[in-house]
Amino acid sequence: DYVHALASRLEPSGYTVLNAGINGELAWNVLQRADKVVSPEPAYVILLVGTNDARGTESQKVGERYIKEMKLPQPPSESFFAESYRELLDELCESSRIRVITVTLPPMGERTGGAMAPLLEGFNGLIENEAMERGLTCVPLGKRLHERLLSDSFEDTPAYGAQLANRLIFKAMLRRYLLGWSWDRIGERHRMKLLTDMVHLNESSGLVLVDLLEAAIQESSVSET
């Protein structure tokens, strides 16, 4: 829960930090409720979305499951993500009072050069380019975690696959909520250093994100004064 960790850093300085994320959503789903996010005119909106878009492209079967569960108008794809993400930024940036911070996506699995790596690279390139063109802050989470993995990773970490990831997600929840394990311990059990189940951040990588976001917000606040 990186949002809770970020709140513990920022709320002593007068910020109120709210978690507007919903598990499993794609960029299109977030777009459908963007007005509810911007209507209170928050000082900042942190946008981290796209992992489920990427997961949905793995196969036709996985895509059909996302269509059914998330009520999508079409199968997940790189172009569908790009279109939804751009429209989402349009909505979020409509008010000049809101400062949008985009975040690049973490790896899916920790094996270097995995099957999903080229797709994630494309998604992150889009996120970075859109931020640059719109003058937004972009937090390079994907790059930072990739650098960490190059210097410190398990040699026998499993390769990403949708079915394996789903099994590990289920096992991670059991170990967390029944046995009380930490997310870092769960990740190590699954032979990962930064993820718990090939998809979600553990405490270590979550704190990397919190550090990056705190620095981005502090830098933005200084520039406004």
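**Core, salt bridges and surface patches in a predicted model**

Let me begin with the interior: the largest nonpolar core holds 42 residues, and of these Tyr85, Leu88 and Tyr160 touch the most other members. By nonpolar core I mean a set of buried Ala, Val, Leu, Ile, Met, Phe, Trp, Tyr and Cys residues joined through side-chain atoms within 4.5 Å. At least two residues of this core come from each of helix H2 (27-32), helix H3 (34-38), strand S1 (44-47), helix H5 (60-70), H6, helix H7 (117-134) and helix H9 (162-177). The element that gives the most to this core is H6, with seven residues. The helices (H or I, at least four residues) and strands (E, at least two) are DSSP runs, numbered from the N terminus.

Before going further, I should say that this is a predicted model, in which local features need pLDDT of at least 70 and side-chain atom pairs count only at pLDDT 80 or more, whereas totals for chains, interfaces and linings use all residues. Residues are numbered from 1 along each chain as its sequence is written, and side-chain values use heavy atoms, with hydrogens and water left out.

Now to the charged pairs. Side chains of opposite charge can pair when their charged atoms come close. The rule applied here takes a salt bridge to be a side-chain nitrogen of Lys or Arg within 4 Å of a carboxyl oxygen of Asp or Glu, and by this rule the count comes to eleven salt bridges. One of them joins the side chains of Asp211 and Arg9, at 2.9 Å from N to O. This pair links distant parts of the chain, with Asp211 in helix H11 and Arg9 in helix H1 (residues 2-10), 202 residues apart. Asp211 is partly exposed because its relative accessible area is 42%, a class that lies between buried, under 20% relative accessible area, and exposed, over 50% (1.4 Å probe, protein chains only). Arg9, at 29%, is likewise partly exposed.

Another salt bridge is formed by the side chains of Asp90 and Arg134, at 2.8 Å from N to O. Here too the pair links distant parts of the chain, since Asp90 is in helix H6 and Arg134 in helix H7, 44 residues apart. Arg134 also meets the side chain of Glu130 in a salt bridge, at 3.0 Å from N to O, and these two residues both lie in helix H7, four residues apart, which is about one turn of the helix. How do the three residues stand with respect to burial? Asp90 is partly exposed, with a relative accessible area of 44%, and Arg134 is partly exposed at 29%, but Glu130 is buried, with a relative accessible area of 6%. With Arg86 added, Asp90, Glu130 and Arg134 are linked in a network of salt bridges.

Turning to the surface, which residues gather in a patch of negative charge? They are Asp35, Glu83, Glu87, Glu91 and Glu94. Patches are made of residues with over 30% relative accessible area and no salt bridge, with like charges joined within 9 Å and nonpolar side chains (Val, Leu, Ile, Met, Phe, Trp, Tyr) within 5 Å. Helix H6 (residues 78-92) gives the most to the negative patch, with three residues. Glu94 is found in the loop between H6 and strand S2 (99-103), and with a relative accessible area of 65% Glu94 is exposed.

A nonpolar patch on the surface is formed by Phe170, Met173, Leu174, Tyr177, Leu178 and Leu179, which together have about 680 Å² of accessible area, computed by the Shrake-Rupley method with a 1.4 Å probe. Within this patch, Leu178 has its place in the loop between H9 and helix H10 (183-189), and at 66% relative accessibility Leu178 counts as exposed.

Finally, the backbone. Most residues other than glycine have a negative phi. Lys71, in the loop between H5 and H6, has a positive phi near 55 degrees, and at 65% relative accessibility Lys71 counts as exposed. Met198, in the loop between H10 and helix H11 (203-224), has a positive phi of about 80 degrees although it is not a glycine, yet at 0% relative accessibility Met198 counts as buried. Met192 also has its place in the loop between H10 and H11 and, at 1% relative accessibility, counts as buried. Met192 and Glu110 are 82 residues apart in sequence but 6.6 Å apart in space, C-alpha to C-alpha.

Note on methods:
Lys, Arg positive; Asp, Glu negative; His and termini not counted. Charge placed at Lys NZ, Arg CZ, Asp CG, Glu CD.
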